[in-house]
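Subject: Structure handover

Hi,

Here is the structure I promised to pass on to you. Please open it alongside this email, and I will walk you through what turned up.

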Amino acid sequence: MTTVAVNAFQLTSPIHVGDVVSLYAECFRLGQKSVTLKVTVEAERLGGEVVPITEVIATYVAIDAEGKSRIIS
């Protein structure tokens, strides 16, 4: 797989030393050769507060050994 597109995203909060960072991926679209994911990033602060960091939509394409797109198996 290779990344072919990432929508614009903005970091809404900083990640601090000691934060526990979690990434959640949700399949938005699954095509014959590509997959689009919604990735959400959150940070849990030392006091237990969970803060949203960013959300991004990214598209990946399956490639073969020669770098050409291929069917996802």
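A salt bridge here is a side-chain nitrogen of Lys or Arg within 4 Å of a carboxyl oxygen of Asp or Glu. Please keep in mind that this is a predicted model. With that cut-off, the structure holds two salt bridges. In one of them, the side chains of R45 and D19 meet with N and O 2.3 Å apart. This pair links distant parts of the chain, 26 residues apart: R45 sits in the loop between β3 and β4, and D19 in the loop between β1 and β2. Are R45 and D19 buried or exposed? Both R45 and D19 are buried.

The other pair is E55 with K38, whose closest N and O atoms are 3.8 Å apart. It also links distant parts of the chain, with E55 in strand β4 and K38 in strand β3, 17 residues apart. E55 counts as partly exposed because its relative accessibility is 45%. K38, at 23% relative accessibility, counts as partly exposed too. As general background, side chains of opposite charge can pair when their charged atoms come close.

Now to the sheet. In what order do the four strands of the open sheet lie? The order is β1-β4-β3-β2, and the pairing is antiparallel. β1 (2-6) and β2 (20-30) stand at the edges with a single partner strand each, so one side of each has no neighbour in the sheet. From one strand to the next, the twist averages 35°.

Going through the pairs, β2 and β3 run antiparallel and are joined by ten bridges. These two strands form a hairpin with three residues between them. If you want to check the register, the bridge partner of L30 is V35 in β3, and the bridge partner of V20 is E44, also in β3.

β3 and β4 pair in the antiparallel sense over eleven bridges. They form a hairpin as well, with five residues between them, and G48 in the turn has a positive phi of about 100°. For the register of this pair, E42 stands opposite P52 in β4.

Next, the nonpolar side chains. Which residues make up the largest nonpolar core? The seven are V35, L37, V39, V41, A43, I53 and V56. β3 (34-44) and β4 (50-61) each supply at least two residues of this core, and β3 gives the most, with five. In general, nonpolar side chains in soluble globular proteins tend to be buried together. If you would like one core residue to centre your view on, try V56: leaving out residues up to four places away in sequence, V56 touches V6, N7, F9, L37, K38 and V39. That list includes K38, which you have already met as the partner of E55 in a salt bridge.

Finally, a few single residues that may be handy for orientation.

- S34 has its place in strand β3. With 14% relative accessibility, S34 counts as buried. Its side chain makes a polar contact of 3.2 Å with the side chain of R29. Beyond neighbours within four places in sequence, S34 is in contact with R29, T59, Y60, V61 and I72.
- T2 lies in strand β1. T2 is partly exposed, as its relative accessible area is 32%. Not counting residues up to four places away in sequence, T2 touches T59, Y60, V61 and I63. The C-alpha atoms of T2 and A58 are separated by 10 Å, although these residues are 56 apart along the chain.
- V20 is found in strand β2. At 48% relative accessibility, V20 counts as partly exposed. Setting aside neighbours within four places in sequence, V20 is in contact with E42, A43 and E44. From V20 to T40 the C-alpha distance is 14 Å, with their positions 20 residues apart in sequence.

Happy browsing, and all the best!

Technical notes:
Residues are numbered from 1 along each chain as its sequence is written. This is a predicted model: local features need pLDDT of at least 70, side-chain atom pairs count only at pLDDT 80 or more; totals for chains, interfaces and linings use all residues. Side-chain values use heavy atoms; hydrogens and water are left out. A nonpolar core is a set of buried Ala, Val, Leu, Ile, Met, Phe, Trp, Tyr and Cys residues joined through side-chain atoms within 4.5 Å. Buried means under 20% relative accessible area, exposed over 50%, partly exposed in between (1.4 Å probe, protein chains only). Contact means heavy atoms within 4.5 Å. Two strands pair if DSSP finds at least two bridges between them. Axes are lines fitted to C-alpha atoms, for helices over the stretch in contact, and angles run from 0 to 180 degrees between N-to-C directions. A polar contact is a pair of N or O atoms within 3.5 Å; within protein, one must be able to donate a hydrogen and the other to accept it, and residues adjacent in sequence count only if both atoms are side-chain atoms.
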